Amino acid sequence: MASSDLEQLGSHINEKIANIKRTLSLRNCGQEPTLKTTLDKIGDEIIVVNELLNKLELEIQYQEQTNHSLKELCESLEEDYKDVEHLKENIPPHLPQVTVSQNFANVSDLDPEEPVKAEEPVPTKKPPKEQRSIKEMLFITSDEFNGIPAYMKSRLTYCQINDVIKEINKAVVSKYKILHQPKKSMSSVARNLYHRFIDEETKDTKGHYFIVEADIKEFTALKADKRLHVILNILRHCRRLSEVRGGGLTRYVIT
């Protein structure tokens, strides 16, 4: 064996011996009362750092979802802008041109000997029937989200809760559009839904907007799983909805 190999082997063995001595020294340190207190403090600080890392992970997830939502919003605005530009460039030629009213003409430009013709009154159009407004659930604010107990929201994010509110509003609007629709114009599917909606109403829901799980399944892509019920519980905690039970149904009333 070459001398260089022996030197490397000796160096490796000496390093192992040094590591063993260091380990034994640290073990002895843990048994000393003064050093044990220091080690306990270090352990507590490690736990705090671990909790901070967990919070940082949740914040990163929230920021990623916010970024995704902003990208979707930006794409939607770009599409709307293109539609507006298209409408601007393709204004129908048959639309009436805007003309200056004679009321604003200079009096000095009028011929005093020429009789002034009275303008015929333009018949006013009947105003369209006012559409009935449908009450929707307000989104959760960041302050309200921060006030939700940790055990209740678990790892749910601000965006996830508001996304569910958006879907619930979609179900509410879809349901009450059918209820406000004239029966003569209803399809057979809408008529069946209409009768179910009427059957689900009670004296406690009279005058209030509400949905049931069947409406969520009918009008949204949400799944009626444990996660959804956790979010519904959070919305009840934030006073966005209340529950009315009866006849084997849970009615989620918009507050």
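User: How many residues does helix 8 have, and what span would be expected for it?

Analyst: In this predicted model, helix 8 has 12 residues. At 1.5 Å a residue, 16 Å is expected, and the distance from the first C-alpha to the last is 17 Å, close to that value.

User: Which residues of helix 8 are buried?

Analyst: They are L228, I231, L232, I234 and L235. Because their arc around the axis is only 155 degrees, these residues lie on the same side of helix 8.

User: And what covers those buried residues of helix 8?

Analyst: The cover includes helix 4, helix 5, helix 7, strand 2 and strand 3. While you are looking there, check what comes after the helix: R239 follows helix 8 and has a positive phi, near 60 degrees.

User: Let's turn to the core. Which residues touch the most other members of the largest nonpolar core?

Analyst: That core has 41 residues, and those touching the most other members are I161, I168, V172, I178 and L235. The elements giving two or more residues to the core are helix 5, helix 6, strand 1, helix 7, helix 8, strand 2 and strand 3. Helix 5 provides the largest share, with 12 residues.

User: What is I161 in contact with, leaving aside neighbours within four places in sequence?

Analyst: I161 is in contact with I140, F145 and I148, and also with I231, I234 and L235. The last three are familiar, since I231, I234 and L235 are among the buried residues of helix 8.

User: Now for charges. What is the general idea behind a salt bridge?

Analyst: Side chains of opposite charge can pair when their charged atoms come close. Searching the whole structure gives seven salt bridges. One of them joins the side chains of E57 and R155, with 3.5 Å from N to O. This pair links distant parts of the chain, 98 residues apart: E57 is in helix 2, and R155 is in the loop between helix 4 and helix 5.

User: Are E57 and R155 buried or exposed?

Analyst: Neither label fits. E57 is partly exposed because its relative accessibility is 36%, and R155 is partly exposed as well, at 48%.

User: Which parts of the chain does the salt bridge of R240 and E144 tie together?

Analyst: The closest N and O atoms of R240 and E144 are 2.6 Å apart. R240 sits in the loop between helix 8 and strand 2, and E144 sits in helix 3, so the bridge ties together parts 96 residues apart in sequence. R240 is buried, with a relative accessible area of 11%, whereas E144 is partly exposed at 26%.

User: How far apart are the closest N and O atoms of R196 and D215, and where do these residues lie?

Analyst: Those atoms are 2.8 Å apart in the salt bridge. R196 belongs to helix 6 and D215 to helix 7, so the pair ties together parts 19 residues apart in sequence. D215 is buried, with a relative accessible area of 0%, while R196 is partly exposed at 22%. Through shared partners, salt bridges join R196, E200 and D215 into one network.

User: One last residue: where is T250, and is it buried or exposed?

Analyst: T250 is in strand 3. Buried means under 20% relative accessible area, so T250 counts as buried at 18%. A polar contact of 3.1 Å joins its side chain to that of R245. Leaving aside neighbours within four places in sequence, T250 is in contact with I211, V212, E243, V244 and R245.

Terms used: Residues numbered from 1 in each chain as written. Predicted model: local features only at pLDDT ≥ 70, side-chain atom pairs only at ≥ 80, totals over all residues. Heavy atoms only, no water. Salt bridge = Lys/Arg side-chain N within 4 Å of Asp/Glu carboxyl O. Helix = DSSP H or I, 4+ residues; strand = E, 2+ residues; numbered from the N terminus. Buried < 20%, exposed > 50% of the residue type's maximum accessible area, 1.4 Å probe, protein only. Expected span 1.5 Å × (residues − 1). Arc of directions from axis to C-beta. Contact = heavy atoms within 4.5 Å. Polar contact = N/O pair within 3.5 Å; in protein donor to acceptor, adjacent residues only side chain to side chain. Core = buried A, V, L, I, M, F, W, Y, C linked by side-chain atoms within 4.5 Å.
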